[in-house]
Amino acid sequence: MTQVRNAMKAKSNNTINPNQNVCAVHVARGFGVADDVRYLHTYPDVKRAISKRFSVRSRKSSIKSKTVGGARKQILEMLKAQGAIAAIIYVEGHVLSISHTGAIIDTDPRQRDRRPIKRIHFVFKPRGC
């Protein structure tokens with residue numbers, strides 16, 4: 001495991017803290033969990049960090065469109081219908097987030113977003129909140 005993390009640190013795009021990639025730390029910071037974990041390189045790292053304070057559930061099979069731009073409207077509708085507060089989306093080598101209000105956290109925004117969605121999870125408030 002140490003070799004894998006060392007390789008990720010060596011390829012990190014964050015000069016201030018090579019334990020965390022820029023896009024992952026921005027998404028985690030949006031949920032207030034960036035300081036809860038040491039590593040934020042991969043999508044599972046982001047999901048684990050968010051899971052410390054929120055409930056996170058997969059929704060990939062529910063999304064009909066295969067791209068971020070094509071799925072954005074459906075994601076917003078589903079977030080509101082299911083009572084989720086946001087969606088975290090993994091595209092090849094990048095993670096972004098869309099809130100239930102439509103606010104997007106993305107360090108690589110696109111006018112026409114044709115990036116294929118690899119994974120998507122909805123974030124829910126913990127029970128009792």
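Is Asp113 buried or exposed? Let me start there today, and keep in mind that this is a predicted model. Asp113 is buried: its relative accessible area is 6%, and the cut-off for calling a residue buried is under 20%.

So where are we in the chain? Asp113 sits in the loop that runs between strand 4 and strand 5, the latter being residues 117-124. Its side chain has a polar contact with the side chain of Arg115, at 2.7 Å. Leaving out anything up to four places away in sequence, Asp113 touches Thr67, Val68, Gly69, Gly70, Arg72 and Asp106. Some of those names bring us to helix 4, which covers residues 68-82, but let me do the sheet before the helices.

Okay, the sheet. We've got an open one with five strands, in the order 1-5-2-3-4, and the pairing is antiparallel. At the edges you find strand 1, residues 55-58, and strand 4, each with a partner on one side only. Strand 4 runs antiparallel to strand 3, and two bridges join them. If you want a spot to look at, Ile98 stands opposite Ile104 of strand 4.

Now the helices on that sheet. Helix 2 packs on it and touches strand 2, strand 3 and strand 4, with its direction at about 25° to that of strand 3. Helix 4 packs on the sheet too, touching strand 2, strand 3, strand 4 and strand 5, and its direction makes about 20° with strand 5.

A bit more on helix 2, residues 22-30: the buried residues there are Cys23, Ala24, Val25, Val27 and Ala28. Those buried residues pack against helix 3 (43-51) as well as strand 2 (86-91), strand 3 (94-99) and strand 4 (104-105). After helix 2 comes Gly32, with a positive phi near 75°.

Last stop, Phe122, over in strand 5. How buried is Phe122? Its relative accessible area is 0%. Again skipping residues up to four places away in sequence, Phe122 touches a long list: Ser55, Val56, Arg57, Arg59, Ile75, Met78, Leu79, Gln82, Ala84, Ala86 and Ala87. Take Ala87 from that list: Phe122 and Ala87 are 35 residues apart in sequence, yet 4.3 Å apart in space, C-alpha to C-alpha.

So that's the tour: a buried Asp113 in a loop, a five-stranded open sheet, helix 2 packing on that sheet, helix 4 doing so as well, and a buried Phe122.

Notes. Residues numbered from 1 in each chain as written. Predicted model: local features only at pLDDT ≥ 70, side-chain atom pairs only at ≥ 80, totals over all residues. Heavy atoms only, no water. Buried < 20%, exposed > 50% of the residue type's maximum accessible area, 1.4 Å probe, protein only. Helix = DSSP H or I, 4+ residues; strand = E, 2+ residues; numbered from the N terminus. Contact = heavy atoms within 4.5 Å. Polar contact = N/O pair within 3.5 Å; in protein donor to acceptor, adjacent residues only side chain to side chain. Pairing = 2+ DSSP bridges. Axes fitted to C-alpha atoms, helices over the stretch in contact; angles between N-to-C directions.
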